Amino acid sequence: MIEADGLTKNYGNVAAVNGVSFSVGKGELFGLLGPNGSGKTTMIRMLTGQIPPTAGSARVMGLDPARDPIGVRGLVGIIPEQESPPSFLTAEEYLHFVARIRNLDRIEERCDRWFDLLDFREKRGVLCKDLSRGTRQKLMFAQSFLHEPRLALIDEPLINLDPIVQRTVKDFLEDYVRDGGTVFISTHILEIAAEICDRVAVLHNGRLLYCGRTGDLAGSGESLERSFLDLVRGDAGA
Ligand SMILES: Nc1ncnc2c1ncn2[C@@H]1O[C@H](COP(=O)(O)OP(=O)(O)OP(=O)(O)O)[C@@H](O)[C@H]1O
């Protein structure tokens, strides 16, 4: 579903992502881990065609996001980091707006499913500017899955969500991959990765330090947090 081959993004003399290669297969729940500023958001932006790479290439569901960003965005679900729905629309208007742009049928039914699943039906008529951060995050989650994409790329999916909604979202993502969907999430919350990700990649200063099964990174008897810290601190000292 995703192939990254030597992906690189430079901002001036900062290598935000530096020669990173990995692949994600169908039905995987794949986690991109790394400390602040390690390149996670830059990676997701390149994979979703929001920015072109400086070097290297990617294929996402068979398309090159640098050449066909609109095609990629039509196929996948995206939750960008720190993006909010438009302040001047209500929650319901926003979902209808996205559904119409995507030419979807059964719009009411699709929206109702998400209002119920994430438990914010009573907020459907509220302007987005007056929603809490967590409810705006629920709305962004709903918009990204409205068209039932086969691949979802999600930047920090559970930030701002309370523990009850976090549980619902984690269960949803696990069911979604069980039914053949693929999920690529970036997070620095290691408990989430340890709980739900089959495989993880670890970025540090834009470079790939690890890519493999989550359990293999943690190793026997070690927590994912301990192993992650050892890996990143070891790299810093190298
Ligand atoms: N538009 C930009 N212009 C210049 N530098 C940028 C830009 N976007 C990102 N960077 C730099 O690239 C590096 C990687 O940033 P990025 O946002 O991808 O990291 P991240 O892992 O998502 O961080 P966080 O976990 O804090 O969100 C950082 O050094 C950042 O300052």
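# Exercises on helices, strands and a ligand shell

Helix 1 is mostly covered, as 8 of its 8 residues are buried. Here, buried means that 20 or more other C-beta atoms lie within 10 Å of a residue's own; exposed means 12 or fewer, partly exposed means in between, and C-beta atoms are placed from the backbone. Helices (H or I, at least four residues) and strands (E, at least two) are DSSP runs, numbered from the N terminus.

This is a predicted model: local features need pLDDT of at least 70, side-chain atom pairs count only at pLDDT 80 or more, and totals for chains, interfaces and linings use all residues. Residues are numbered from 1 along each chain as its sequence is written.

## Exercise 1: the ligand shell

Find the helix that gives the most residues to the shell around the ligand.

**Solution.**
- Step 1. Fix the rule: a residue is near a molecule or strand if its C-beta atom, placed from the backbone, lies within 6 Å of it.
- Step 2. List the shell: Tyr-11, Val-14, Ala-16, Gly-34, Asn-36, Gly-37, Ser-38, Gly-39, Lys-40, Thr-41, Thr-42 and His-188.
- Step 3. Look for elements that supply at least two residues each: strand 2 (14–24) and helix 1 (40–47) do.
- Step 4. Helix 1 gives the most, with 3 residues.
- Step 5. Sort by class: the shell has 3 nonpolar, 8 polar and 1 charged residues. Ala, Val, Leu, Ile, Met, Phe, Trp, Tyr, Cys and Pro count as nonpolar, Asp, Glu, Lys and Arg as charged, and the others, Gly among them, as polar.

## Exercise 2: the sheet of 6 strands

In what order do the 6 strands of the open sheet stand?

**Solution.**
- Step 1. Two strands pair if DSSP finds at least two bridges between them.
- Step 2. Start with strand 6 and strand 7, which run parallel and are joined by 5 bridges. The chain crosses from strand 6 through helix 6 to strand 7, and this β-α-β crossover is right-handed. Right-handed means that, with the strands pointing away from the viewer, the path from the first strand over the helix to the second runs clockwise.
- Step 3. Strand 3 also pairs with strand 7 in the parallel sense, over 5 bridges.
- Step 4. Strand 8 (residues 199–204) and strand 9 run antiparallel, joined by 6 bridges. Leu-203 has Leu-208 in strand 9 as its bridge partner.
- Step 5. The full order is 5-6-7-3-8-9, with mixed pairing.
- Step 6. Strand 5 (77–79) and strand 9 (207–213) are the edges, each with a single partner strand, so one side of each has no neighbour in the sheet.

## Exercise 3: Ser-186 in its surroundings

Is Ser-186 buried or exposed?

**Solution.**
- Step 1. Locate Ser-186: this residue sits in strand 7 (residues 182–187).
- Step 2. Check the strand: 6 of the 6 residues of strand 7 are buried, so the rest of the structure largely encloses it. Thr-182, Phe-184 and Ser-186 lie on one side, and Val-183, Ile-185 and Thr-187 on the other.
- Step 3. Count for the residue: Ser-186 is buried because 26 other C-beta atoms lie within 10 Å.
- Step 4. Name the strand partners. Leu-32 stands opposite Ser-186, and Asp-155 has Ser-186 as its bridge partner.
- Step 5. List the contacts (C-beta atoms, placed from the backbone, within 7 Å). Not counting residues up to four places away in sequence, Ser-186 touches Leu-32, Lys-40, Thr-41, Ile-44, Asp-155 and Glu-156.
- Step 6. Look at the helices. Helix 1 lies across strand 3 (29–33), strand 6 (151–155), strand 7 and strand 8, at about 150° to strand 6. Helix 6 (residues 163–178) lies across strand 3 and strand 7, at about 145° to strand 7. Axes are lines fitted to C-alpha atoms, for helices over the stretch in contact, and angles run from 0 to 180 degrees between N-to-C directions.

## Exercise 4: positive phi in a loop

Where is Arg-106 found, and is Arg-106 exposed or buried?

**Solution.**
- Step 1. Recall the rule: most residues other than glycine have a negative phi, and most peptide bonds are trans.
- Step 2. Read the angle: phi of Arg-106 is near 45°, a positive value in a residue other than glycine.
- Step 3. Place the residue: Arg-106 is in the loop between helix 3 (91–101) and helix 4 (107–117).
- Step 4. Count: Arg-106 has 10 C-beta neighbours inside 10 Å, so Arg-106 counts as exposed.
- Step 5. Try Asn-205 in the loop between strand 8 and strand 9. Phi of Asn-205 is near 50°. With 18 C-beta neighbours inside 10 Å, Asn-205 counts as partly exposed.

Methods:
Contact = placed C-beta atoms within 7 Å.
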